[in-house]
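Subject: The structure I promised you

Hi there,

Here is the structure we talked about, ready for you to open. Have a look first, and then read on for what turned up in it.

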Amino acid sequence: MATPGSGFWSFGSEDGSGDPENPGTARAWCQVAQKFTGGIGNKLCALLYGDSEKPAESGGSQPARATSRKATCACNQKPCSCPKADVNYAFLHATDLLPACDGERPTLAFLQDVMGILLQYVVKSFDRSTKVIDFHYPNELLQEYNWELADQPQNLEEILMHCQTTLKYAIKTGHPRYFNQLSTGLDMVGLAADWLTSTANTNMFTYEIAPVFVLLEYVTLKKMREIIGWPGGSGDGIFSPGGAISNMYAMLIARFKMFPEVKEKGMAAVPRLIAFTSEHSHFSLKKGAAALGIGTDSVILIKCDERGKMIPSDLERRILEAKQKGFVPFLVSATAGTTVYGAFDPLLAVADICKKYKIWMHVDAAWGGGLLMSRKHKWKLSGVERANSVTWNPHKMMGVPLQCSALLVREEGLMQSCNQMHASYLFQQDKHYDLSYDTGDKALQCGRHVDVFKLWLMWRAKGTTGFEAHIDKCLELAEYLYNIIKNREGYEMVFDGKPQHTNVCFWYVPPSLRVLEDNEERMSRLSKVAPVIKARMMEYGTTMVSYQPLGDKVNFFRMVISNPAATHQDIDFLIEEIERLGQDL
């Protein structure tokens, strides 16, 4: 077998014959790849080295047909025995695929074509000459295509076309110039893991139906607790559908820890509970309070300094106020990486206050938890090891495909006591293996998706050092952006000083506003700038970056970087594009 770097696979050679820019060499490679990938090889080679040499955006409203009416095979054997021989999608339906009798051949052909569509999309996602988004307004898409569900089935040719159409209008979140959300990028190993777990299509509630996945969750959560700093990785945890649910778990467990009777008797059996979090914290804390019956009025927002960090003295003052009113403080949620400013609350000071007043300390590190993987930046979470619970979303800063959020709890067994319902049809007590690996009874969900495998497989592929390099690179790119615009004409920073995370918050001030006095009229006009530029970005499809107001600050751009594909050139492009799209405002 040829090895990576040998002449068989190598694109580079001393005489230049391996140059991928050489069409002859490229097509020769395609012929080799085609031998191993069948129809997928054909599609990728047509995409990469076809007549135009580059994937072209479709100009019309109808995307190219997914396949010919009669699929053809890629082999040279006669008689042909490949899966695509004599497969005509126009006359086939889902009922002709496995588990149908004789369904193997059309199933393999169909899935190969689906894979071809997916792989083309993957390649385009990293091509800077393609759009981040082919934007259409909702009414346009509704009128352009028939999305309605029907009683009668469509044939597989039409199903493949639906796959293409869906991806045509999907946001390329892996595109190097997509900066719109905290979760960006497209990791190839993580993608492969997601495909695998969908194929396995199992549930995480018992060891008997997810043996390897349950063990990987155990190993991975333990490693994450070790990185937080809990001795020997002790404690507990669960992967949940997202950071909002992880934060709600923390509230649920903190309430149970203080008043275990609430599980059976409800909120009527406990006094008025109060939770505390910063005014820059995630809205999920209030959502969790509403869902748990605690009430949004029982979530007290603590003042922040100009950088968005919780002020400990205000936290202590509000705790004392609540106690004087006869209320019971039960949880403080500190944030490690706020959504807008990327601020890190002073965790050591918060921990001291929580210890003093015997209050559960939760750290919402959904956005900032990834920095624990970096020796250079983990100091920003100093004190996280003193927390009772931590939310950490690897699908954000670590680039794991959605969804992948972990709730880590320092006290082992508490989640189980809080949530277990002893469903005898799932959690029988006379099974022949260690029942501690039946994890479903400590979760709020019954059905639970396999989220751990993406993270585990990426960790094996990258190592901790690989995650560290990715995180350090993203922080460096954010600093690069900050250094460029902090003194650049037409830009104003929302707060002074270098950002702690990859959040860079700024206003772009068009030439027409630069001569105006800093008054209410200027602020009113400035508030309209970011939304217009963002709309133009989306209509051109060149890049995407988020904006929002905050407190008394009118709409500003919030640039976040978590995509490993981004480069300095992409940051330069973003600045130039903002200026191009906003010069006339």
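**A strand covered on both faces**

Strand 6 is covered on both of its faces: Trp360, His362 and Asp364 are buried on one side, and Met361, Val363 and Ala365 are buried on the other. That puts six of the six residues of strand 6 (residues 360-365) in the buried class. Please keep in mind throughout that this is a predicted model.

What does strand 6 pair with in the parallel sense? Its partner is strand 5 (residues 328-335), and five bridges connect the two. Within that pairing, Ser333 stands opposite His362 of strand 6.

**The protein as a whole**

To step back for a moment, the protein has 17 helices and 12 strands. Of its 585 residues, 50% are buried. Taking the contacts between residues at least 6 apart in sequence, 71% of them join residues at least 24 apart.

**The five-stranded sheet**

Next, a sheet. Five strands make up an open sheet with mixed pairing, in the order 1-11-12-10-9. Strand 1 (178-179) and strand 9 stand at its edges with a single partner strand each, so one side of each has no neighbour in the sheet. As a reminder, strands of a sheet pair through backbone hydrogen bonds, in either a parallel or an antiparallel way.

At the strand 9 edge, strand 9 and strand 10 are antiparallel and pair over three bridges. Met493 is one residue to look at there, with Phe506 of strand 10 as its bridge partner.

Which strands does helix 14 lie across? They are strand 9, strand 10 and strand 12 (553-559), and helix 14 runs at about 30 degrees to strand 10. Helix 17 (residues 568-582) lies across strand 1, strand 9, strand 10, strand 11 (544-550) and strand 12, and its angle to strand 10 is about 25 degrees.

**Salt bridges**

Side chains of opposite charge can pair when their charged atoms come close. In this model the count comes to 25 salt bridges, and here are a few that you may like to find on screen.

Glu217 and Arg448 meet through their side chains in a salt bridge, at 2.8 Å from N to O. Glu217 belongs to helix 7 (residues 211-228), while Arg448 sits in the loop between helix 13 (414-419) and helix 14 (452-485), so the pair ties together parts that are 231 residues apart in sequence. Are these two residues buried or exposed? Both Glu217 and Arg448 are buried.

Glu479 and Lys498 form another salt bridge, with 3.6 Å between the closest N and O atoms. This pair links distant parts of the chain, 19 residues apart: Glu479 is in helix 14, and Lys498 is in the loop between strand 9 (491-493) and strand 10 (504-508). Glu479 is partly exposed, at 32% relative accessibility, and Lys498 is partly exposed too, at 45%.

Strand 9 comes up again in the salt bridge between Glu492 and Arg522, where the N to O distance is 2.7 Å. Here Glu492 of strand 9 is linked to Arg522 of helix 15 (residues 520-526), 30 residues apart. Glu492 counts as partly exposed at 30% relative accessibility, whereas Arg522 counts as buried at 7%. There is also a network in which Asp314, Arg317, Arg318 and Glu321 are joined by salt bridges that share partners.

**Pockets and cavities**

Last comes the empty space. Rolling a probe the size of a water molecule over the atoms shows where such space is left.

The second largest pocket has a volume of about 550 Å³. Its lining consists of 26 residues, and Asp236, Ser436, Tyr437, Thr439 and Lys442 are the ones nearest its centre. Which element supplies the largest share of that lining? Helix 7 does, with six residues. Strand 2 (236-240), like helix 7, supplies at least two residues of the lining.

How many cavities of 30 Å³ or more are found in the whole structure? The search finds three, and the largest cavity holds about 60 Å³ of space. The residues that line the largest cavity include Thr184, Leu186, Asp187, Met398, Met458, Lys462, His470 and Pro564.

Happy exploring, and all the best!

Terms used
Residues numbered from 1 in each chain as written. Predicted model: local features only at pLDDT ≥ 70, side-chain atom pairs only at ≥ 80, totals over all residues. Heavy atoms only, no water. Salt bridge = Lys/Arg side-chain N within 4 Å of Asp/Glu carboxyl O. Helix = DSSP H or I, 4+ residues; strand = E, 2+ residues; numbered from the N terminus. Buried < 20%, exposed > 50% of the residue type's maximum accessible area, 1.4 Å probe, protein only. Pairing = 2+ DSSP bridges. Contact = heavy atoms within 4.5 Å. Axes fitted to C-alpha atoms, helices over the stretch in contact; angles between N-to-C directions. 1 Å grid on protein atoms, 1.4 Å probe; cavity = no way out; pocket = protein on both sides within 12 Å on 5 of 7 lines; lining within 4 Å. Points joined across faces, edges and corners; volume = space filled by probe spheres on them.
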